[in-house]
Each structure stands twice: as C-alpha cells, then as structure tokens.
Amino acid sequence: MTTIGSGNGWIGYTSSSIGQVRNDLDQASLQLSSGKRANSYAGLGHDVSRSLDLRSRLSTLEVYENATALANTSLGIVNNAVSSFSQSLGQIETNALSFTNPPSASGRKSTEASLRSQLDLLLSYLNTDDGSIHLFGGQKGDSQPALDSTTIIDGLPGKAGLKQYIAERQSADLGSNGLGRLTLNNTGTVVTLSQESASLPFGFTLKSISSASNQIPVSGPSGTPPTLSVTLTNQPPADSTFSITLDLPDGTTMDMTLKATSTSGENQFVIGATPADTVGNLVTALNASLTNAAKIQLSSASAVKASQDFFAGSTTNPPQRIAGPNFATATGFTPGSATDTILWYQGTDDANDPRNDRYMQIGNGLTVATGARANEKGFREALSSVALLASTALSSTDENLAVKQFNDLRDRSRAGITSAKTDIQATTISIATNQKSVKTVADDQTALKNVISIAISQVEDVPIEETAATLTSLQTRLQAMYQLTAKLSSLNLANFL
C-alpha cells in the first residue's frame with residue numbers, strides 16, 4: 001500500500017511539473033512569435049529600469065532627429081534658391097547685358113523688358129518658402145520679404161519707386177548748369193574749375209589735375225570750395241595735353257583729357273591767334289567735355305548710387321530722399337519714409353548676422369542657425385544692378401547720346417553683378433557650412449540611434465534560434481511527462497505484482 005501511495009505522490013508531482021512546463025512552453029511560443037522577452041515591462045524583471053532608460057534616450061534622440069531633418073531641409077531650400085539666383089545672374093550677363101546686344105532703340109526697349117522679367121525672377125527666389133514660412137525674411141516669416149518688380153521700379157501713387165528715385169538723384173548730381181555741380185570761370189589767362197561746395201554730396205568731385213607739358217601749368221585742387229586751375233600765359237604746343245580726374249557718386253573715377261590742337265574736336269581746344277583766344281577756346285572745350293561727361297558718366301554713376309541707396313532701404317531704414325524740389329540745386333537729403341517711398345524689403349533688418357535670425361535645436365545644447373535675408377549685401381547689389389537699365393531714363397532726343405548712356409550703364413551694371421556674385425558666394429559658403437554641420441550631427445545621431453537600438457534589443461529581445469531550441473526541448477519534456485503520467489495513472493496492485 002505504501003508503494004501505491006508513493007505512485008500517487010509522483011502523479012501529483014508530475015502534474016505540477018506539467019503545468020510549469022506548459023507555462024514555460026507558452027512563454028517560449030510567445031517569445032518566438034514576438035521576438036520579445038516579455039509583452040510588458042513587468043516581465044523584464046530587474047532589466048526594466050535599463051529598458052526604460054534606453055527607451056527614454058531613444059525617444060529624445062528621435063525628436064532631435066526630426067529637428068535635424070527639418071533644419072537640413074530648410075538650409076537645403078535656401079541653398080537651392082541662392083544657387084538659382086546666382087545662375088540667373090550669369091544668364092543676365094550672357095543675354096540681356098551682353099556686349100553684343102545691339103543698343104538700338106528697339107534693342108534698348110527689349111533689354112528693359114527682359115531685365116524687368118529677370119528682376120521678378122530674382123525676387124521670386126528671395127520670396128521662397130518651405131510651405132510654412134518665408135525663408136529670406138529673417139525673423140519675419142509670415143509674409144513675402146520682397147515686393148514685385150513693377151511696384152519697386154514704377155512705385156505707387158504718392159510713393160516714389162526706383163525710377164523716380166534715380167531721376168531725382170540725377171537731377172541733383174547734374175545741377176542747374178549741367179556741369180555736375182561744378183562752376184567754370186576764367187580771369188585773364190587763368191581758367192578755374194570749382195565745386196559748388198566743399199561738402200556737397202552731389203555731382204563731380206575734383207580729385208586731381210596733371211599736365212603733360214610745362215607750357216600748360218596746372219594747380220589744385222585746393223581751397224574752399226576745392227578749385228583747380230589751368231594757366232595759359234603762353235601758347236601751348238600742338239598736341240600738348242592736361243588731364244582732370246573726377247570722382248563720381250558711385251565711388252568710381254574718370255579721367256578727362258583735353259588736347260591743344262589746330263582744329264576743333266571732342267576733348268580738344270584750338271590754339272588761337274593769341275593766348276586770350278586760346279583761353280576762350282579752352283573754356284568752350286572744357287564746358288563741352290564736362291557737359292558730355294555729366295550726361296554720360298556722371299548720369300550713369302548717379303543712377304548706380306541711387307539704385308544702391310534705394311535697395312539698401314528697408315522698413316527700419318528707409319532710403320534718404322533728395323531735399324527738394326528744386327532737386328538741381330539741392331544741397332542735402334531729407335529722411336525718407338514708408339509714406340513717400342517704396343520700401344522693397346519687408347523683412348528683418350538689423351546689425352545682427354542674418355544666419356542668427358532663426359535657430360533650430362538639433363541636440364542637447366546644440367543648435368544650428370538657419371536664417372537668411374533678402375537684403376543681404378550680395379542680393380541687394382545684384383538687384384540694384386539688374387534694375388539699373390530697367391529704371392534709368394536715357395536721352396529721347398539724341399540717339400547717339402542714348403547709345404553712349406546705355407553702354408556706360410551696361411558696363412556699370414555688369415561690374416555691379418560681378419561684385420554681387422562675390423558677396424553671394426560668401427553667403428553660399430556660410431549656408432553650406434551650416435548645412436555640413438547639420439549633416440555631421442545627423443550622421444552622429446544615426447550612429448547613436450543604432451547603438452541604443454542594439455542595447456534595447458539586448459535587453460528586450462530574445463535570440464530566435466535559442467528560443468526555438470528551448471521550445472523544442474520543452475515540447476519533448478512535456479511529451480515525456482504526459483507519457484509518465486499516463487503510466488502512473490494506470491498503475492494498480494496487479495500490474496505492480
């Protein structure tokens with residue numbers, strides 16, 4: 001009887017073991033199907049704190065990954081817009097401002113129309129948005145930072161556009177006598193050329209005078225206002241020359257050389273019968289040369305300066321206006337405002353680095369600057385140069401003069417674009433540097449994410465091959481236990497004997 005009782009005890013023990021094995025088998029089956037050690041954190045036991053810590057770090061990293069991707073996208077859009085802007089400038093030089101483009105009346109009209117169209121294209125690049133904000137407005141991203149070309153050039157009722165702004169400046173630079181705010185006089189054998197005022201911000205500025213012959217004594221500029229002189233006590237030799245160097249409003253200079261000859265001609269003065277006659281001829285020739293230079297070089301330089309000043313303006317820094325009318329006798333400026341002048345740029349305008357207008361946090365204590373402004377130096381230089389020939393009035397009565405004005409303006413426009421491209425290149429490098437930094441951070445984030453994911457897997461995942469082997473082993477054990485239980489349950493005294 002004792003032996004039979006022991007058999008019943010084995011049956012109870014085996015049943016309990018079967019339950020445990022079945023639980024283990026169910027858990028192994030679940031692990032094999034899910035690949036996870038447990039379906040809840042509670043099932044991880046002492047590894048739960050490590051799992052939660054790794055998961056938290058991964059979640060934070062994914063937030064920074066999204067920010068990094070957004071920063072890279074934003075910088076990429078800005079970079080593409082700047083690249084397209086630069087490419088368009090190259091096309092403008094090759095086409096609209098080509099030296100082979102005929103400056104006939106119809107050709108000039110076609111060039112003006114083309115430049116207006118190209119100006120709108122350039123402005124469209126500066127009005128680029130990423131679907132949520134305008135990227136070239138600095139901290140102001142809710143509206144387009146740049147106006148359209150028609151408003152910029154032609155203005156609005158009561159508000160001067162670039163065309164009017166240039167015309168007023170040209171009038172102030174030309175002066176009432178047409179000599180570029182210079183006065184020409186002679187007393188006896190001395191011819192003098194003076195500025196209207198030492199501090200006048202308009203017209204020609206006398207820089208220097210030199211003579212290639214000691215028979216044409218020259219001096220100056222000196223005094224207040226600055227004055228230079230040419231003395232013809234004796235008759236100058238034929239073909240002897242003297243040169244005057246003049247500063248222009250846009251920062252460039254020009255040389256005007258006059259030659260003593262026996263016949264009249266451009267930039268030539270006739271040697272008369274007496275020194276007094278020669279002086280009279282010199283005054284006439286110098287007056288003609290200054291008048292011509294004022295209509296061409298001074299007029300073009302004045303337009304360049306006006307265009308530069310206009311595009312340097314913004315809502316916080318409106319361009320100054322010529323104090324007038326009468327503009328031809330103006331002696332200074334008056335503050336401009338949004339009520340009387342078109343302000344082409346509507347975005348942020350301060351002394352801070354445009355890149356710093358917008359930041360994105362892409363890591364713990366790590367940010368990247370993604371800001372940009374449409375009025376950065378290179379952009380506004382380009383816009384002022386492209387708008388120049390589309391906004392400046394040329395002679396309508398003298399075709400020969402109109403051609404010379406067009407050619408001089410075209411040369412200055414091309415020079416402005418060349419300078420602008422250099423400054424735009426600096427902007428491109430700045431943006432590309434930030435973009436490269438973002439890419440480096442993104443690569444680091446990807447690598448760190450892989451490390452954390454592996455660590456999580458080591459804590460939470462189960463080896464599939466090992467789990468499959470365990471499952472097979474448990475199935476074998478369970479089958480053996482079932483067989484043993486069946487034998488024990490059928491055991492009796494007869495079978496035992």
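**Helix packing, the largest pocket and some backbone oddities**

In this predicted model, α3 and α7 meet through Glu112, Leu115, Arg116, Leu119, Leu122, Leu123 and Leu126 on the α3 side and Phe379, Leu383, Val386, Ala387, Leu389 and Ala390 on the α7 side. Sorted by class, the residues of this contact come out as 11 nonpolar and 2 charged, with no polar ones. As for geometry, α3 spans residues 105–126 and α7 spans residues 377–391; their axes come within 8 Å and cross at roughly 160°. Angles over 145 degrees count as roughly antiparallel, so α3 is roughly antiparallel to α7. The crossing of α3 past α7 is left-handed.

Helix α7 also packs against α6. Here the axes sit 9 Å apart, and the angle is about 135°. The two helices, α6 and α7, are therefore oblique to each other, and they cross in a right-handed sense. On α6 the contact involves Ala303, Val304, Ser307, Gln308 and Phe311, while α7 brings in Arg380, Leu383, Ser384, Ala387 and Leu388. That contact of α6 with α7 breaks down into 6 nonpolar, 3 polar and 1 charged residues. Leu383 and Ala387 of α7 take part here, and Leu383 and Ala387 also appear in the contact with α3.

A further partner of α6 is α5. The axes of α5 and α6 come within 8 Å and cross at roughly 135°, so this pair is oblique as well. The crossing of α5 and α6 is right-handed. From α5, the residues in contact are Leu162, Tyr165, Ile166, Arg169, Gln170, Asp173 and Leu174; from α6, they are Ala294, Leu298, Ser299, Ser302, Ala303, Lys305, Ala306, Ser307, Asp309, Phe310 and Phe311. The class tally for α5 with α6 is 10 nonpolar, 4 polar and 4 charged. Ala303, Ser307 and Phe311 of α6 belong to this contact, and Ala303, Ser307 and Phe311 turn up again where α6 meets α7.

Turning to the pocket, the largest one has a volume of about 210 Å³. It is lined by 14 residues, with Val304, Gln308, Ser385, Arg412 and Gly416 the closest to its centre. Of these, Val304 and Gln308 also take part in the contact of α6 with α7. Three helices, α6 (275–311), α7 and α8 (399–460), each supply at least two residues of the lining. The largest share, 5 residues, comes from α8. By class, the lining of the largest pocket divides into 3 nonpolar, 8 polar and 3 charged residues.

The backbone has a few spots worth a look. Most residues other than glycine have a negative phi, and most peptide bonds are trans. Against that background, the peptide bond from Gly220 to Pro221 is cis, with omega near 0°. Pro221 itself is part of strand β4, which covers residues 218–222. Another cis peptide bond, again with omega near 0°, runs from Pro325 to Asn326. In this second case Asn326 falls in the loop that links β9 (321–322) to β10 (333–334). Finally, Arg181 is a residue other than glycine with a positive phi, near 65°. Arg181 belongs to the loop between α5 (162–174) and β1 (182–187).

Notes. Residues are numbered from 1 along each chain as its sequence is written. This is a predicted model: local features need pLDDT of at least 70, side-chain atom pairs count only at pLDDT 80 or more; totals for chains, interfaces and linings use all residues. Side-chain values use heavy atoms; hydrogens and water are left out. Axes are lines fitted to C-alpha atoms, for helices over the stretch in contact, and angles run from 0 to 180 degrees between N-to-C directions. Helices (H or I, at least four residues) and strands (E, at least two) are DSSP runs, numbered from the N terminus. Angles under 35 degrees count as roughly parallel, over 145 as roughly antiparallel, 65 to 115 as roughly perpendicular and the rest as oblique. A crossing is left-handed if the near helix is turned anticlockwise from the far one by less than a right angle, and right-handed if clockwise. Contact means heavy atoms within 4.5 Å. Ala, Val, Leu, Ile, Met, Phe, Trp, Tyr, Cys and Pro count as nonpolar, Asp, Glu, Lys and Arg as charged, and the others, Gly among them, as polar. On a 1 Å grid over the protein atoms alone, a cavity is a set of points where a 1.4 Å probe fits but cannot get out, and a pocket is an open set with protein on both sides within 12 Å along at least five of seven lines; lining residues have an atom within 4 Å of a point. Grid points are joined across faces, edges and corners, and a volume is the space filled by probe spheres set on the points.
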